[in-house]
Amino acid sequence: MAGFTGKNILVLGGSRGIGAAIVRRFAGDGGAVAFTYAGSKDAAEALATQTGAEAIRTDSADRGALVATVADRGALDILVVNAGALVLGDPLTLDPDAVDRMIDVNVRAPYHAAVEAARRMNGNGRIIVIGSVNGDRMPFAGGAAYALTKSAVQGMVRGLARDFGGRGITVNAIQPGPTDSDMNPADGPMAEQMHSFMAIKRHARTDEIAQLAAFIAGPHGAMITGSLQTIDGGFGA
Ligand SMILES: NC(=O)c1ccc[n+]([C@@H]2O[C@H](COP(=O)([O-])OP(=O)(O)OC[C@H]3O[C@@H](n4cnc5c(N)ncnc54)[C@H](OP(=O)(O)O)[C@@H]3O)[C@@H](O)[C@H]2O)c1
């Protein structure tokens, strides 16, 4: 397949997990892909070697560096904002700095990156933010701060879709449910509890999320905008 041949694509947070699957998918389909990472240098370099994608070290919590990285890519065809942090626990004892950093990465970064990308995109651009079904449903204790970041993504994509629609740029969120990654391993301590909330009682594979990103970013996605594309095995049903 070469569905993204010639497309200029940036994936923010692409070294591992869902982001790495999205890098693999777009690079495998012919795209010119760059991706950022913050801490996982070895994983990023290995993925770059395997896929031909370019790895760029940029911490999404650093607004100046993030905006510069997006601007450096010029007229993007596709921006995927995948980088995300997960801080769970009793709000009475959670480290407030860790909560604020999560808000920086999960909320501030997608907004500023999307705006900077849209500044340079030609018509037909695609902006995809990886949100979470936890933006809709938080069925266990300890997830308030994470849920607030993913609910914020919902409002953001709706608003930015209105702002950029006149230029043919679409803005959408993908909302995964439990997906097998370092953040949420399929054999992790919370897996059984998560499966109890689901109609299809397993974690998604990262390539299943990447497949949805490819559909939204591809030619059949032109009329999908301002939407929340939930892919969660019924977690939120
Ligand atoms: N897995 C799930 O069950 C699930 C469910 C719903 C939504 N999500 C969302 O899906 C996205 C990806 O999750 P995942 O499960 O694939 O997580 P993961 O396995 O922890 O991978 C996170 C990726 O984001 C990058 N990243 C994190 N902080 C960053 C920062 N400050 N700057 C740049 N890159 C950063 C990491 O890069 P480095 O390692 O290089 O720092 C890594 O490539 C997140 O937005 C998450 O909230 C995940």
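Reader: In what order do the elements of the protein chain run from the N terminus on?

Author: Happy to start there, and bear in mind that this is a predicted model. The order is β-α-β-α-β-α-β-α-β-α-β-α-α-β, made up of seven helices and seven strands. With a radius of gyration of 17 Å, close to the 18 Å that the globule rule gives for 237 residues, the protein chain is as compact as a globular protein of that length.

Reader: What share of contacts joins residues at least 24 apart?

Author: Counting contacts between residues at least 6 apart in sequence, 71% are of that kind. As for burial, 43% of the 237 residues count as buried.

Reader: Let's take one helix. Which residues of helix 3 are buried?

Author: In helix 3, residues 63-72, they are L66, T69 and V70. Look down the helix axis: these buried residues fall within an arc of 95 degrees, so they line one face of the helix. On the other side, G64, A68, A71 and D72 are exposed.

Reader: What do the buried residues of helix 3 pack against?

Author: Their partners are strand 1 (8-12), strand 2, strand 3 (54-57) and helix 4 (96-120). After helix 3 comes G74, with a positive phi near 70 degrees.

Reader: And the ligand: how many residues surround it?

Author: There are 31, the closest being G13, G17, Y37, G84 and S181. By class, the shell has 13 nonpolar, 15 polar and three charged residues.

Reader: Which element gives the most to the shell around the ligand?

Author: That is helix 1, with three residues. Helix 1 (17-28) and strand 2 (32-37) each supply at least two.

Technical notes:
Residues are numbered from 1 along each chain as its sequence is written. This is a predicted model: local features need pLDDT of at least 70, side-chain atom pairs count only at pLDDT 80 or more; totals for chains, interfaces and linings use all residues. A residue is near a molecule or strand if its C-beta atom, placed from the backbone, lies within 6 Å of it. Helices (H or I, at least four residues) and strands (E, at least two) are DSSP runs, numbered from the N terminus. Ala, Val, Leu, Ile, Met, Phe, Trp, Tyr, Cys and Pro count as nonpolar, Asp, Glu, Lys and Arg as charged, and the others, Gly among them, as polar. A residue is buried if 20 or more other C-beta atoms lie within 10 Å of its own, exposed if 12 or fewer, and partly exposed in between; C-beta atoms are placed from the backbone. The arc is that of the directions from the helix axis to the C-beta atoms. Two residues are in contact if their C-beta atoms, placed from the backbone, lie within 7 Å. The radius of gyration is taken over C-alpha atoms; the globule rule is 2.2 Å times the number of residues to the power 0.38.
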